[in-house]
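Welcome, and thanks for taking a look at this one. Here is a short tour, starting from a single pair of residues and working outwards.

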Amino acid sequence: MGVFLCLLLVLLVSACSAAGGASAGGERCVRQGKASYAPSLSPVPQGSGVCGYGAMAAEINGGFLAAGGPRQHRGGLGCGRCFQMRCKDAKLCSSRGVRVVLTDFHRSNRTDFLLGGPAFAGLAKPGMAHELKSLDALSVEYKRIPCDYKDKNLSIRVEEESKSPSNLVVKFLYQGGQTDILAVDVAPVGSSEWRFMTRVRGPVWRTDRAPAGPLQFRAVVTGGYDGKWVWAEREVLPAHWRPGQVYDTGVRIADVASDGCRGCAGGAAAAALDWK
């Protein structure tokens, strides 16, 4: 079983690296792009958003939200990622910038990010937010950073479309670090009979074969090009789980991408840039 798990882990991480290509490399790099103001992301996205966070998005990062283009969204893998960003207009923009969480997708080729009101205003110097919002698009520099949810463990929300006992749809919340979840399995507590789940979108996973009884979870988590299995060996979902409820896994993820800043302007010096 141990050999099988190691082989599966290698295959999943390799597939992710190949699919991500250049966008997956250089997680620490500072990149150049464009950002625009999106009133629909303030304070919460309309509907559930492509990533599926819905109204809970505002609780994740104090309303500092962003919708990402294809390069940032990456077919849903980028949902929940955290970015540090600042605009480059010295007259209007603060040198400190803002930290945002990606909670939605946008299809425009003109901008890399659409920002909600609090995030967009946070880019501005004091008193300059209104003038900044009047601009069509801002030149920004940004980098992916570890998500830090302080005292929050990785949590699971049972989605409303779940139907006990076997149809289970879950959403992962408070995924810390600079990480991606590539695979999720579920099993009865104390059992090795793991059943895989399928990604629906972003942080949302489902199975139509959920086992009975209290449930435990495991996931393949990557930071850059390194991956590992993360286990929640204790009971995460009770036997009678309820849609709409959030359950604490007891696991805290804080891994940081180990790959260097390859092929980016500024190299390691740019990667070390901090805008506190």
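## Starting at strand β11

Val169 has its bridge partner in β11, namely Arg206. This is a predicted model, and strand β11 (residues 204–207) is a good place to begin, since its mean pLDDT of 97 is the highest among the elements of the protein. The pair belongs to a ladder of four bridges that holds β8 and β11 together in the antiparallel sense.

Arg206 turns up again when you look towards β10: it is the bridge partner of Thr198. Strand β10 (residues 195–201) and β11 run antiparallel and are joined by three bridges. The two strands make a hairpin with two residues between them, and Gly202 in that turn has a positive phi of about 45 degrees.

## The open sheet

Now zoom out. β11 is part of an open sheet of eight strands, ordered β13-β12-β9-β10-β11-β8-β7-β14, with antiparallel pairing. At the edges are β13 (226–237) and β14 (246–251), each of which pairs on one side only. On average, neighbouring strands here are turned by 30 degrees against each other, direction ignored. As a general reminder, the strands of a sheet pair through backbone hydrogen bonds, either parallel or antiparallel.

At the β14 end, β7 and β14 run antiparallel and are joined by four bridges. Within β14, Tyr247 is the bridge partner of Ile156.

## The barrel

Which strands make up the closed barrel, and in what order do they run? There are six, in the order β1-β5-β2-β4-β3-β6, and their pairing is mixed. Neighbouring strands in this sheet are turned by 45 degrees against each other on average, again ignoring direction.

One of the pairings in the barrel is between strand β1 (residues 31–37) and strand β6 (residues 138–145), which run antiparallel with five bridges between them. Gln32 takes part, with Glu141 in β6 as its bridge partner.

## Loops worth a closer look

The loop between β7 (154–158) and β8 (168–173) contains Glu160. Its side chain makes a polar contact of 2.8 Å with the side chain of Arg157. Leaving aside neighbours within four places in sequence, Glu160 is in contact with Pro243 and Gly244. Glu160 and Pro243 are 83 residues apart in sequence, yet their C-alpha atoms are 4.9 Å apart in space.

The loop between β7 and β8 also holds Pro165. The peptide bond leading into Pro165 from Ser164 is cis, with omega near 10 degrees. Lys150, in the loop between β6 and β7, has a positive phi of about 55 degrees although it is not a glycine. For context, most residues other than glycine have a negative phi, and most peptide bonds are trans.

## Pockets and cavities

Lys150 also appears at the largest pocket, which has a volume of about 310 Å³. Lys150 is among the residues closest to the pocket's centre, together with Asn61, Cys147, Asp148 and Tyr149, out of 15 lining residues. Two elements give two or more residues to this lining, α2 (57–60) and β4 (98–105). The larger share comes from β4, which gives the most, with three residues.

How many cavities of 30 Å³ or more are there? The count comes to four. The largest cavity holds about 210 Å³ of space. It is lined by 23 residues, of which Tyr53, Cys79, Gly80, Gln175 and Pro203 are the closest to its centre. Both β8 and β9 (180–188) supply at least two residues each to this lining.

## How far to trust the model

The mean pLDDT of the protein is 83, with 79% of residues at 70 or more. At the low end of the elements is helix α1 (residues 2–20), whose mean pLDDT is 42.

Two stretches call for some care. Over residues 3–25, pLDDT stays under 50, and the model has 31 contacts beyond four places in sequence for this stretch. Over residues 267–272, pLDDT likewise stays under 50, with eight such contacts in the model. Where pLDDT is low, the predicted coordinates should not be read in detail.

Note on methods: Residues are numbered from 1 along each chain as its sequence is written. This is a predicted model: local features need pLDDT of at least 70, side-chain atom pairs count only at pLDDT 80 or more; totals for chains, interfaces and linings use all residues. Side-chain values use heavy atoms; hydrogens and water are left out. Two strands pair if DSSP finds at least two bridges between them. Axes are lines fitted to C-alpha atoms, for helices over the stretch in contact, and angles run from 0 to 180 degrees between N-to-C directions. Contact means heavy atoms within 4.5 Å. A polar contact is a pair of N or O atoms within 3.5 Å; within protein, one must be able to donate a hydrogen and the other to accept it, and residues adjacent in sequence count only if both atoms are side-chain atoms. pLDDT is the predictor's confidence in each residue, from 0 to 100. On a 1 Å grid over the protein atoms alone, a cavity is a set of points where a 1.4 Å probe fits but cannot get out, and a pocket is an open set with protein on both sides within 12 Å along at least five of seven lines; lining residues have an atom within 4 Å of a point. Grid points are joined across faces, edges and corners, and a volume is the space filled by probe spheres set on the points.
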